[in-house]
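Here are a few exercises to work through with the model open in your viewer. Try each one yourself before reading the solution.

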Amino acid sequence: MSENKEIKAPIIIVGGGIGGASAALALSRKGIPSIVLEQSTVFRELGAGIQMPPNAFRAFERLGVVDQVLAVAAFPEALILMDAVSGEQVIKVPVGLPEFKQRFKYAYALMHRGDLLEILIDACRASPLIELRTGMRVADFEDHGDKVVAIMDNGERVEGSALIGADGLWSLTRAKIVGDGSPLTEGDIIFRAVIPFEEVPSELYQTSVVMWGGPHMDFAHYPLRRGEIYNMAAIFRVPPPEDGSTPKGTAEQLMKEFEKACPAVRALIPKLDTSRQWVLYERPAIREWFKGRVALLGDAAHAGYHYIAQGACMALEDSVVLGDVMATSATIEEGFRRYRDARYLRTARVQFTARQFGDLYHAEGINRELRKDVMGKLPPQKVFENLSWVFDGV
Ligand SMILES: Cc1cc2nc3c(=O)[nH]c(=O)nc-3n(C[C@H](O)[C@H](O)[C@H](O)COP(=O)(O)OP(=O)(O)OC[C@H]3O[C@@H](n4cnc5c(N)ncnc54)[C@H](O)[C@@H]3O)c2cc1C
């Protein structure tokens with residue numbers, strides 16, 4: 001049970017994505033009740049893949065869902081960086097080796113996002129301490145010092161001891177407590193697809209995570225759900241509109257950008273679903289993770305580029321740390337301060353490293369040659385060690 005005497009009513013969690021669901025679960029594991037308010041009418045995730053390196057499993061362990069994840073994940077043989085233009089391999093990091101699992105305790109996993117959210121939501125449903133509410137769009141909130149009130153867009157009011165904004169990239173909570181404007185984009189457009197593995201030409205099917213990096217573009221693919229389906233995503237850059245509106249790409253631009261790619265990449269590009277697109281955004285790292293009885297978690301606190309495959313892992317880690325500190329702090333503010341202090345530098349490092357990885361994947365000219373020269377000589381053991389700060393988890 002919680003030692004925090006200020007938690008007299010449930011904690012309100014705005015957003016029922018991976019961050020919000022894992023936060024509710026982590027709090028419940030410490031005896032703290034919560035109410036999750038999700039704007040959508042159902043809990044749902046993108047129909048796309050997500051990489052779950054070993055640090056995610058350290059959090060799954062604490063959330064009590066390791067077995068459920070292991071039952072549906074796929075496990076890649078390696079992480080491979082290829083030159084998208086020449087078709088040459090830059091580096092292969094064999095994460096499927098027993099040595100990798102011995103070093104980090106868990107394997108490197110790949111999941112369907114929907115499977116991951118379903119596991120978290122099912123675990124929330126099984127807890128008597130969690131109330132899940134859908135169709136609840138939070139339009140505003142009030143911090144009264146001794147309680148918070150979330151106000152829905154239909155006027156309904158929900159009271160709690162504190163409020164966690166796990167409301168993602170476009171967080172209303174962040175807008176209110178930090179007010180640092182919209183997330184930033186360089187105009188990178190994403191087209192994705194998840195297809196049955198039978199539809200992948202057999203000579204192109206790989207059991208690894210393969211990232212093809214080229215100038216201002218990349219293409220990644222990997223298997224999901226025990227290898228039954230295949231995840232693909234292509235990224236290319238369009239000039240962001242001067243009026244600040246959302247950048248848009250077309251199927252024609254996609255084909256044109258990838259004309260410079262090698263035949264293996266060009267053969268997979270037509271498999272992408274060009275009826276939907278996403279824009280890549282990030283936010284600057286901040287120290288203002290909480291104000292009074294309101295705190296941020298997940299992308300709302302630290303949205304970054306995906307090039308280190310850690311955004312959702314950071315949300316999972318935020319959650320277990322939040323559960324720990326809220327249960328062992330005398331006041332809500334003390335809990336939020338300890339939570340922020342434990343998390344902001346680690347998540348800032350992930351945001352920073354993700355940007356560097358993006359530059360590396362998109363290298364051109366001499367930097368592209370340098371990438372091959374330096375990375376091509378790195379022994380896998382060295383790569384594991386370079387990433388141990390993140391893979392070892394919290
Ligand atoms: C291309 C790409 C690839 C990625 N790959 C990986 C990867 O391999 N590994 C990894 O760890 N991470 C990856 N990420 C990052 C990861 O997707 C995010 O970090 C993660 O999904 C953030 O979860 P979240 O719960 O914080 O936010 P979200 O998933 O955005 O959830 C926010 C929730 O809040 C709800 N909401 C918003 N506003 C309100 C409101 N006002 N009222 C009520 N509800 C509200 C939304 O409907 C949503 O359900 C990737 C990201 C991208 C873009």
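**Exercise 1.** How do the axes of helix 1 and helix 5 cross, and within what distance do they come? Then work out what fills the contact.

*Solution.* Keep in mind that you're working on a predicted model.

Step 1: pick out helix 1 at residues 18-29 and helix 5 at residues 113-125. Their axes come within 9 Å and cross at roughly 30°.

Step 2: classify the angle. Angles under 35 degrees count as roughly parallel, so helix 1 is roughly parallel to helix 5.

Step 3: get the hand. The crossing of these two helices is left-handed.

Step 4: list who touches whom. Helix 1 brings I18, A21, S22, A24 and L25, while helix 5 brings L116, L117, L120, I121, A123 and C124.

Step 5: sort those residues by character. You end up with 10 nonpolar, 1 polar and no charged.

**Exercise 2.** In what order do the strands of the open 3-strand sheet lie, and what is the sense of their pairing? Trace the pairing strand by strand.

*Solution.* Step 1: read off the order, which is 8-9-10, with antiparallel pairing.

Step 2: find the edges. Strand 8 (138-143) and strand 10 (157-160) each pair on one side only, making them the edge strands.

Step 3: check the twist. Ignoring direction, neighbouring strands here are turned by 20° against each other on average.

Step 4: take the pair of strand 8 and strand 9. These run antiparallel and are joined by 5 bridges; to locate one, start at E142 and go to its bridge partner in strand 9, V149.

Step 5: look at the hairpin linking that pair. There are 4 residues between the strands, and G145 takes a positive phi near 90°.

Step 6: move on to strand 9 (residues 148-152) and strand 10, which pair in the antiparallel sense over 4 bridges. Here A150 has V158 of strand 10 as its bridge partner.

**Exercise 3.** Which residues come nearest the ligand, of the 32 around it? Say which elements supply the shell, and what its make-up is.

*Solution.* Step 1: select the 32 residues around the ligand; G15, G17, G168, G298 and G311 come nearest.

Step 2: map the shell onto the elements. Helix 1, strand 3 (49-52) and helix 10 (311-327) each supply at least two residues.

Step 3: find the top contributor. That's helix 10, which gives the most, with 4 residues.

Step 4: tally the character of the shell. It divides into 15 nonpolar, 13 polar and 4 charged residues.

Note on methods:
Residues numbered from 1 in each chain as written. Predicted model: local features only at pLDDT ≥ 70, side-chain atom pairs only at ≥ 80, totals over all residues. Near = placed C-beta within 6 Å. Nonpolar A, V, L, I, M, F, W, Y, C, P; charged D, E, K, R; others polar. Axes fitted to C-alpha atoms, helices over the stretch in contact; angles between N-to-C directions. Parallel < 35°, antiparallel > 145°, perpendicular 65-115°, else oblique. Left-handed = near helix turned anticlockwise from the far one by under 90°. Contact = placed C-beta atoms within 7 Å. Pairing = 2+ DSSP bridges.
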